[in-house]
Amino acid sequence: MTGVAQAMQKLGLDGAGVKVCIVDSGVDYNHPELGGCWKTEGCPWQLGKDLIGDKYNYESDNPIIEPNETPMDCFGHGTHVSGIIAGRGPQVQGVAPGATMGMYRIFSCAINGTLNTDDSIIMQGMEEAHKDGCDIINLSLGGGGGWVEDPTAVLATNIVEDGGIVIAAVGNDGDNGIQTAGTPAAGKGVIGVAAVENWNITAATTLFSTPAGDRIARTSGPAENNVPFAFENAAPLAVFDGESNTGCNATETDFTGKVVLVMRGDCDFVDKANNVQNQGGIGMVIINNVPEGIISLGLAIDKANITIPCTMITDADGLFIADGISQGDSTVVTKATTFSTFADPNGGKMVQYSSYGPDAELNLVPQISAPGGNIWSTYPLDKGSYMSLTGTSMATPYISGCAALLKQQSANFTSAQIKNILTTTAVPLTDSANNLKVSPHSSGSGLVNVYNALTCRAVIDPPLISINNTDWAQSADNARSAAYSISFTNADQQKGVDVVVTHNPASSLTMYDKNGTYAESLLTNFAMLKWPPDTNEVSPGTIPQVTIAQGTQHVAAGESATFNITITLPSELEEAQRWYFGGFLNFTLLFENEDTTVQHVVPYGGFNGDYTAIDVISPESLGLPLFADAEGNLIKDISTYSVTPENPAMFMFGLDVPVSYTYITLVDSNEKTVGYVPEGFGLYLQRSFLLTSSPYIVPINNTIVASDDFSKLAIVPDGKYSIKLYALRPLSDPNNEDDYQVWKSPPFEISS
């Protein structure tokens with residue numbers, strides 16, 4: 001599917017001579033499939049160091065940084081990432097097992113289930129790797145709002161401009177919808193990677209024994225609390241029997257010493273796990289409510305107070321096992337030393353929570369996808385040696401390995417050339433719901449095929465098209481269109497090639513209903529709306545259209561040609577719904593004296609409307625903005641609340657898109673601005689992930705910033721005041737007050 005086996009078997013490539021460095025939680029270099037060595041002669045691990053140690057806690061006033069002599073992994077993430085690149089078999093076969101490897105440890109050991117680091121330490125790891133001459137830097141990490149101005153993105157950009165290749169995960173926040181891709185993946189020239197489900201799932205064999213019969217069940221990878229689902233000795237089973245079998249309500253049943261089955265649905269996985277754990281359960285098995293598939297619990301259970309192992313099984317397995325439990329005593333046993341492999345019916349589909357682009361300024365990110373769902377790889381020896389994990393963290397090293405194969409074949413390839421070749425030779429994915437292509441805002445150019453990249457004989461520039469407000473023009477009939485010229489170079493010095501350019505639209509995506517409120521499907525099932533919703537005939541005006549001048553051309557050996565295209569935006573889609581559209585330009589090549597065509601693609605994507613004019617503050621339909629007291633209790637009517645230094649009001653708001661600048665002013669009853677709220681300033685803010693995390697919170701008291709240079713604080717006189725939140729609309733001028741969306745609160749009392 002990805003061409004890695006062909007690259008090894010037909011071309012004999014394994015990454016030899018290429019330095020691939022990982023910035024992560026460390027590596028268990030003693031693992032036999034990772035070489036079993038550290039910086040000895042012939043050892044794959046020749047680069048790297050520990051930059052943080054085991055004791056760092058970013059919440060501490062005085063965090064301890066005591067690096068160890070080597071970057072030994074005490075968590076597992078970095079070891080898993082390492083195996084995807086450098087695994088030498090027999091259990092784990094890496095993409096580039098011959099590469100020279102480096103590990104720069106920037107995560108400390110987990111504290112209460114949470115990895116600890118800081119941007120400054122991450123950046124130190126990136127700088128050290130680049131200084132040490134690493135050809136490729138793998139960053140299976142990220143966060144923030146998808147801003148190229150983020151410090152990690154700036155550094156990644158600088159490394160690329162200085163000749164390095166930086167490959168970064170876009171993140172695992174896709175459940176929150178569009179524009180959830182993080183940094184440093186948004187850096188200029190960085191290759192941002194999305195995740196696709198694996199076609200097979202390998203896991204420790206889990207045997208359920210019931211009076212109805214035995215069942216070896218396919219189980220998901222562990223949750224983020226990092227407790228593997230493993231029971232070497234048979235553990236008794238029970239079915240949750242509270243108000244419902246979903247485990248969402250407390251029960252009086254004693255589950256002490258039992259593994260408890262619950263149905264998926266009605267509440268968060270964390271709530272289910274809490275209810276099981278509180279009644280003495282020693283493990284939780286979630287029965288999926290969707291036919292056939294399972295999802296990795298991943299970040300869904302990341303609370304420090306969840307200490308029991310959790311997993312998911314298919315609906316068919318779960319219902320069979322639950323019925324067996326109802327007939328009598330039943331048990332589960334997991335043998336950590338034996339493994340089972342199952343076909344995944346979701347193989348080749350996007351991982352559900354792989355983050356979406358575009359970035360804050362409508363640039364396409366991710367640029368490419370790779371297998372990242374249920375990836376079987378190496379794990380620290382003291383944690384079981386192997387593990388199946390899901391996330392863009394797993395897809396990223398796959399692309400790093402592919403880049404190493406390209407760099408081995410052509411040592412002088414630049415980062416831009418590798419990015420170009422990987423993206424234009426990828427294979428777009430098909431959306432089974434409507435038979436269109438999966439949006440580039442989700443998948444980038446599609447699934448990597450490194451064999452296609454290694455045998456590529458064409459250079460297409462630009463390799464992707466990001467459509468923003470400066471690109472399109474509006475006609476008299478309100479249709480918006482954007483024109484581009486694409487250069488095609490025939491890199492074959494012996495054969496001419498016939499080139500045919502065609503177009504495939506992709507599904508358009510939105511988080512909103514027609515009335516401009518969040519779609520119910522997003523709020524209840526973390527699912528965005530798509531257009532068209534199915535394969536029924538739809539109006540051409542609701543999907544992007546492309547016209548291609550001279551769409552068929554012959555290009556002589558070593559020569560170039562230009563293809564002029566015009567992309568017309570889907571004018572019949574409701575602008576209030578904020579649709580993000582996209583598609584693919586297909587280049588079909590037939591070289592002289594050859595019978596088989598070769599495919600290349602250029603993805604494009606944009607926002608269907610005037611991005612600079614949209615409201616950016618989260619709508620009142622989400623219950624925001626609002627006020628709470630210092631204890632977090634909702635203030636239902638701020639006009640009846642008296643703000644004092646001892647009883648501040650906590651102002652909470654959300655942002656529907658990334659916003660480059662916010663500030664909050666305090667105004668008196670005469671509408672005169674008396675000053676700025678001290679903690680009300682924000683720069684390069686991410687979109688609020690209101691489905692899984694908190695809104696922005698700013699304390700309001702009687703203190704203001706009273707000088708234009710922000711150097712002087714003052715106490716306001718007692719009286720009635722309101723606050724105004726100013727949020728700069730996208731791609732706008734911070735010096736023009738008309739470019740801000742402004743929200744004003746009801747008046748409230750401030751007293752000293």
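Which residue just after H5 takes a positive phi? Gly-280 does, with a phi of about 90°.

The structure is a predicted model, in which local features need pLDDT of at least 70, side-chain atom pairs count only at pLDDT 80 or more, and totals for chains, interfaces and linings use all residues. Residues are numbered from 1 along each chain as its sequence is written, and side-chain values use heavy atoms, with hydrogens and water left out.

**Overall architecture**

The protein contains eleven helices and 41 strands; helices (H or I, at least four residues) and strands (E, at least two) are DSSP runs numbered from the N terminus. Its radius of gyration is 27 Å, which agrees with the value near 27 Å for a compact globule of 752 residues; the radius is taken over C-alpha atoms, and the globule rule is 2.2 Å times the number of residues to the power 0.38. Along the principal axes, the C-alpha atoms fill a box of roughly 85 × 75 × 55 Å. Of the 752 residues, 57% count as buried, meaning under 20% relative accessible area with a 1.4 Å probe, protein chains only. Among contacts with a separation of 6 or more, 74% come from residues 24 or more positions apart, a contact being heavy atoms within 4.5 Å.

**Helix H5**

Eight of the ten residues of helix H5 (residues 269-278) are buried, so the helix is largely enclosed by the rest of the structure. Phe-269, Val-270 and Lys-272 are among the buried residues. The cover over the buried residues of H5 includes the strands E10 (259-263), E11 (283-287) and E12 (310-313).

**Strand pairing**

Strands E30, E29, E32 and E36 form, in that order, an open sheet of four strands with antiparallel pairing; two strands pair if DSSP finds at least two bridges between them. Strand E30 (634-635) and strand E36 (696-700) stand at the edges with a single partner strand each, so one side of each is left without a neighbour in the sheet.

Elsewhere, strand E25 (residues 552-555) has alternating side chains: Gln-553 and Val-555 point to one face and are buried, while Thr-552 and His-554 point to the other and are not.

Two antiparallel pairs are set out below.

| Pair | Bridges | Opposite residues |
|---|---|---|
| E29 (residues 626-628) and E32 (residues 649-653) | Three bridges | Ala-628 and Met-650 in E32 |
| E21 (residues 497-505) and E25 | Four bridges | Val-500 and Thr-552 in E25 |

Definitions and conventions: Buried means under 20% relative accessible area, exposed over 50%, partly exposed in between (1.4 Å probe, protein chains only).
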